[in-house]
Every structure is written in C-alpha cells, then in structure tokens.
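Here is a set of questions on how some structural terms are earned. Each answer sets a value against the definition behind it.

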Number of protein chains: 2
Amino acid sequence: MTTGAERIDTLAVVGVGLIGGSFALALREARRVGTVIGVGRGRANLDAAIVRGIVDRAVTLDRPWTREIEAADLVLVATPLGEYPALFSALAAHPPAHAIVTDAGSTKESVIAAVRAHLGAPAARFVPGHPIAGTEHSGASAAFATLFRDRTVVLTPVAETDRAALATVANLWSACGAHVRELDPAVHDRIFAAVSHLPHLLAFALVDLLAARPDADDVFRFAASGFRDFTRIAASSPEMWRDIALANRDALVAALDAYRAQLDNVASMVAAADGAALEAVFARAAAARRAWGAARSTAAAVPADGSRER
Amino acid sequence: MTTGAERIDTLAVVGVGLIGGSFALALREARRVGTVIGVGRGRANLDAAIVRGIVDRAVTLDRPWTREIEAADLVLVATPLGEYPALFSALAAHPPAHAIVTDAGSTKESVIAAVRAHLGAPAARFVPGHPIAGTEHSGASAAFATLFRDRTVVLTPVAETDRAALATVANLWSACGAHVRELDPAVHDRIFAAVSHLPHLLAFALVDLLAARPDADDVFRFAASGFRDFTRIAASSPEMWRDIALANRDALVAALDAYRAQLDNVASMVAAADGAALEAVFARAAAARRAWGAARSTAAAVPADGSRER
C-alpha cells in the first residue's frame, strides 16, 4: 500500500488491552513511535501498562483525557465497540490538533456510522481498521509485541477517507509485521459474521448449555482436546463479544439463521439414521477444512525475506 | 485398578489406524507385547504399519483373518463402529482360543448390544473400552507411541464382564500411560454425546455451510486462529463420525435438541439486541470455560512420580 517508513512522535491508545497494548509494543519494537499515551477506564490496567513499558503515561476516561492527547499524531481506538459513540463525541468536542484516528473494532459498518454521527469534522482523518489477531485473553497484561506478525489487518476506507491517512495507518500496521488488506465495510462485516462472530456465539452457547447440566461436572471431567480447541474462544471477553453481536446484528442474524437451518438438516439426518447424508456433510466439511489447513500451512511457509505481501 | 505388570505374547489389532496403531506402539515401547498381528481392510495401510514396525505381520479382512489371530492373547477392535457386527460375527464363527477381546469405540451401548448379538460365548471376555485420545488424522501413518500418555481411557464393564479380563485390559492401558476410569455405558454415551459428538457435528455443520457459500473463498481467506481451533475437529474421518452419530443416535438427538433450543434463545437475543441477556450467556460460558482450563492445567501439573491415578 505504501513503502515509506512512517514514524510518529506521539501515539495515543484508547483502550490499552490485548490489541491496543500489542500495537504500542510492536511499534516501539520497530522504533516507529516516540511517546505513547494510554487512555482507559481502569486505573489498575493503565498502571500495569506503564509498568510493562507499553505506555509512557496514562489517563482515565473520567478525566479530561482528550486534552492529554491533543498533540497526538495517531489515536488508536481499541475499546469494546459499545464505548465508541461516547469516545467519538469526546474527540469531536476537543479534537486533537492534527491526529489521524483509527480503530481496531471487529465490525466496520457500525463503526463508520458512529464516526459519521459523532466524530464530525475529523471523519476524513478516520481510518476504519480490524486486526485479525487476538487470543482469548484480555487486558494490558496479555499484550505482546509479536501479536500481529504475519496476521492480516483489514482496513475498510470509505469515500471520505483521506488517502494519506490510510497510507500512514497501513504503513504502521506493516511495521507491526501484519499483512494489510482493504475490504468494503459491508463485505467485511458479512465475512466476519460467518467466520468469526458466528463461531464465537456457537462456542459460548455450547459451554453455557453444558455448564447448566446437572451432570456438568462429569461432562467437563471427560472433555478432551477436541472440546478444548472447539471452546477456546468461549473464554473470550463477554463484554467485547456482546458489543460485536450488537454491532454486527444484521449480518450475524443472517449467519445464525443459515446455521440453524443447516443444523435442522443435520439433526433430521441423525434422527432418521441417514448415514449416507451425514457422511456427505462430514466429507464435504473435512475436505474443505483440510484444504484450508493445507493452504494456510503453505502461506505460513512463505520466506520471511521481505517478499511477502505488505 | 490392578497393579501387576501384564505382558501378552500375541496382540491382534483389528483396524490399524491412529488408535490401534498407537496402542501397539505404546505396548511395544513399554515392553508389554511380543508379536503384533494387524488386521484391516486396506493392504496399503497394513503394509505401512509393517514398515513402521507397528505390526509384525498383517492380514486383510477379505482373507480368513480369524485363523491368523486364533492364538492371540488380546484382540483390540479399533475400526469404525459400523464394522463391528461383521467383525464380531466372524470372531464368533472362529473364536480365538483364549483371547480377551476389547475395543476402542467412541460409543459403548451400541457396542455392548453388538457384542451380545454377534459375539456369542466370548462376550464375557469382552471388555468395552474408549480411549479419550485422538487427533484429526487417521491411518497407521498417524499413530505414535505417546498418544495415550496422561489421557483417560474409559472402560464400561457390564454384569457379564469377566473381572480378570477387565483388570488385564486396564493394566495394559495403564502401561500406555493412560488413566483408566470405569463408567456405566449409558452414562458414558450421554456424557460423550454432549462433550464430544455434539461439538463434532457442530463443527462439521459449520464448515460444510461456509464451503457452500458463493463467497467461500473470501470467507476462508480471512479465517484466523479462532476458526482454526473451532473447526479442527471438522477435518476428522467422515466415516468414523458417521458411525458414531448413528451408534449414539438417541443421546446425540437429545444433545442436538437441547443445543438447538439454546441457539434459538441466543438468536432471539441477537435479533432483539438484548445485550444484557447475551452478555449473561457469554459471561457464564467464559467463567465455566476458564475454570475448566484452569482445572485442566492443574491436573496436568501433577508430578509424574507415580503418584498419579492409574
């Protein structure tokens, strides 16, 4: 997208969690940032971020935080999506003098709508982004500098997005080791509803169901590696996923409806003891999953000599 | 269960795949077995098992295989469940002189019914078993000696089960490094329907659904580690899982019905934008999953000084 080596003097990270904290650490390691200012709800998490060297100083959201970051060159918003409208309103009231604003939210149409509704004039300098990285852990203590290495970061610019701002944000994510791609925001939301948001809901739903069983202790006692991997994402932040489900509601409802229809079919096959139909579903799935795994292994084997896409 | 160090002269493994092959390798490594005879459908897989030193000699099922194993001390049946009735009928027609017969099937009530219907007199010397181990890979080439180390093996003896045969099978699984537990067969089937068979169906159903989308390429391109782990089990053997779904049909239908009702509830919460209800589901699930993960880590940290349960 761009080839210059952008360096920013002052980075403000609003929401110093796994994503925001790792972005700051990665830019520090790449020597692309001078000062990092952390902004967040909880003082304890911010203090942990200072101790870990993620941020140089920090301010809580109940203070006049926009004043603290008015000289920032880049503001990364990496809070749960539900916080965005209030954050954008505060930034609109006291806009940083010249900052580019970007975000790390898992949905993009809702974010763009919130930007247009609340951020006001600086909307052109807002670059909607979504790093496809994370673990089931959260908070500054979970952050690490290599989180984005060889991961994809999707940027979803819209008509009003400043192209220079877009290039700067892309360049900084590349400096974190990420592969930057652009997508239309609606396409982004549809894809991630299917491949990320739906699986999270399915995993949460399963673990909640099993935990409510009278024999839950036995069920969990005999759970093994298949269960472990299937449900890893069910340990994710409830607040973050509540906000994602609400922010991407339309696409998620569509994905859920399709899945429920699929599950009705599969349940009918089981009830009817239709082994051939079940085997056909399983065989198509296994072939697709194996092909995906093989393609992913090949992609991961691309030499780290700079020839990979940036 | 027993503390003697049983050693068997001749082991017959019917179905030399991931489970059967790994059992043979583990017993060899523990010096608990003399000769291993492989029995299976495909010559190529059996030849691979010979080359890898898993079995000493092998015979395909279209030959008079029961004659080849008539001197066996232990017969492990580790094929897909759908093969069991034919295998048991063959063994009943030409029973091994003194062998204990055991199995590695993922369901137990159906296996016990097949034993009673087809195996005849040797049923008392049949020990129903289920090693809770595996990967998404199959075949002799996937077998390895440490597959069962620190894994659970469930044995589900019934009234007619010979206690000495049970003790021998338990002892041999312990020699593979496994923790042996006993369960009632119906309880076993209900637990594993919930914690293993249902998740497999959910994962197969999701990948099959996504692969059929017009935008499947895009969806898979942006799939990341959450999807990877959630769907790992969807690469499992379609035939094996078809047979499990059919063999454990009643318990699986019950588990599927409960899950579909749960998913209807969650879908209603999303459609109604009921953030509080969604967060409650997610929070209960995350708490249960984190507690399970923590308990599992603690269990894995038990010192390997012989103090662990055997």
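Q: What makes a stretch of chain a domain here?
A: Domain bounds are taken from an automatic or database domain assignment. The model itself is predicted. For chain A the assignment gives domain 1 (8–183) and domain 2 (188–300), and the C-alpha centres of these two domains of chain A lie 30 Å apart.

Q: What makes residues of the two domains of chain A count as touching, and how many does each domain give?
A: Two residues are in contact if their C-beta atoms, placed from the backbone, lie within 7 Å. The contact takes 15 residues from domain 1 of chain A and 15 residues from domain 2 of chain A. On the domain 1 side, four of the residues are nonpolar, seven polar and four charged.

Q: Why is the relation between chain A and chain B called a two-fold axis?
A: A turn of 180° with a shift of 0.0 Å along the axis lays chain B on chain A, with an RMSD of 0.0 Å. That is the relation of a two-fold axis. The same surface serves both copies, since 100% of the contact residues of chain B recur in chain A.

Q: Which residue of chain B comes closest to the rotation axis?
A: B:Phe230 does, with its C-alpha at 2.0 Å.

Q: What makes Val13 stand out in the largest nonpolar core?
A: Membership requires a buried residue of a listed nonpolar type, joined to others through C-beta atoms within 7 Å. Of the 226 residues in this core, A:Val13 and B:Val13 touch the most other members. Leaving aside neighbours within four places in sequence, the contacts of B:Val13 include B:Phe23, B:Val36, B:Val55 and B:Leu76.

Methods:
Residues numbered from 1 in each chain as written. Chains lettered and ligands numbered in written order. Predicted model: local features only at pLDDT ≥ 70, side-chain atom pairs only at ≥ 80, totals over all residues. Least-squares fit on C-alpha atoms with pLDDT ≥ 70 in both. Buried ≥ 20, exposed ≤ 12 C-beta atoms within 10 Å, placed from the backbone. Nonpolar A, V, L, I, M, F, W, Y, C, P; charged D, E, K, R; others polar.
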